[in-house]
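Here are a few exercises to work through with the model open beside you. Try each task on your own before reading the solution.

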Amino acid sequence: QVQLVESGGGLVQAGGSLRLSCAASGRTLSIGAMGWFRQGPGEEREFVAGIRWNDWRGTRTYYADSVKGRFTISRDNAKNTVYLQMNSLKNEDTAVYSCAATGAYLGDTYYYRRSTYDSWGQGTQVTVSS
């Protein structure tokens, strides 16, 4: 099994930045990709960003249109940790952010889907104020 623990959430003013971390433990060698999802008040959980390294083309990253150019996902293999750098934050970025992991080897489009991931963290709250 894989355990995921997020950290780095908090309260930030609009236009500010935060960096979220997701530390993986357990069967980390089974992980081939990780992603960040978020769920705002009264909304469904949505994809934010993903990163996979189980691909012959090398590490690949994926972003929701709403965060492209503002968020960056990265990975520290030695620490088994994935990061989400969030810049130029907006009120609408307010949500609980959860990381997820999968060992599945699939086409690119699958890494945008919640159903692809089988391990999830508890989430960390990000609140952006005006």
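**Exercise 1. Find the residues that R70 touches, leaving out those up to four places away in sequence, and describe where R70 sits.**

Solution. Keep in mind that this is a predicted model.

Step 1: List the contacts. R70 touches Q85, M86, N87, S88, L89, K90 and D93 once residues up to four places away in sequence are left out.

Step 2: Place the residue. R70 belongs to the loop between β6 and β7, the latter being residues 71–76.

Step 3: Decide whether R70 is buried or exposed. The cut-off for buried is under 20% relative accessible area. R70 has 10%, so it counts as buried.

Step 4: Look for polar partners of the side chain. One is the backbone oxygen of S66, which lies 2.9 Å from a polar side-chain atom of R70. Another is the backbone oxygen of S88, which the R70 side chain reaches at 2.9 Å. S88 is also on the contact list from Step 1.

**Exercise 2. Work out which residues are linked with D108 in a network of salt bridges, and which parts of the chain its pairs tie together.**

Solution. A reminder before the details: side chains of opposite charge can pair when their charged atoms come close.

Step 1: Take D108 and R52. Their side chains meet in a salt bridge, 3.2 Å from N to O. D108 lies in the loop between β9 (95–102) and β10 (119–120), while R52 is in strand β5 (residues 46–52), so this pair ties together parts 56 residues apart in sequence. As for accessibility, D108 is partly exposed at 22%, and R52 is buried at 1%.

Step 2: Go on to D108 and R57, whose side chains form a salt bridge at 3.0 Å, N to O. R57 is in the loop between β5 and β6 (60–63), so here the parts tied together are 51 residues apart in sequence. R57 is partly exposed, with 40% relative accessibility.

Step 3: Add R60, which meets D108 in a salt bridge at 3.4 Å, N to O. R60 lies in strand β6, so the pair ties together parts that are 48 residues apart in sequence. At 28% relative accessibility, R60 is partly exposed.

Step 4: Put the network together. It links R52, D55, R57, R60 and D108 through salt bridges. For context, the structure holds nine salt bridges.

**Exercise 3. Locate L29 and say whether it is buried or exposed.**

Solution. Step 1: Find the loop. L29 sits between β3 (18–26) and β4 (33–39).

Step 2: Apply the cut-off, which is over 50% for exposed. L29 has a relative accessible area of 87%, so it is exposed.

Step 3: Compare sequence and space. L29 and N80 are 51 residues apart in sequence, and their C-alpha atoms are 9.4 Å apart.

**Exercise 4. What does the secondary structure of the protein chain come to, and how compact is the chain?**

Solution. Step 1: Count the elements. There are zero helices and eleven strands.

Step 2: Check the radius of gyration. It is 14 Å, close to the 14 Å that the globule rule gives for 130 residues, so the chain is as compact as a globular protein of that length.

Step 3: Get the dimensions. Along the principal axes, the C-alpha atoms fill a box of roughly 40 × 25 × 25 Å.

Step 4: Look at burial and contacts. Of the 130 residues, 44% count as buried. Among contacts with a separation of 6 or more, 58% come from residues 24 or more positions apart.

Technical notes:
Residues numbered from 1 in each chain as written. Predicted model: local features only at pLDDT ≥ 70, side-chain atom pairs only at ≥ 80, totals over all residues. Heavy atoms only, no water. Helix = DSSP H or I, 4+ residues; strand = E, 2+ residues; numbered from the N terminus. Buried < 20%, exposed > 50% of the residue type's maximum accessible area, 1.4 Å probe, protein only. Salt bridge = Lys/Arg side-chain N within 4 Å of Asp/Glu carboxyl O. Polar contact = N/O pair within 3.5 Å; in protein donor to acceptor, adjacent residues only side chain to side chain. Contact = heavy atoms within 4.5 Å. Rg over C-alpha atoms; globule rule 2.2 N^0.38 Å.
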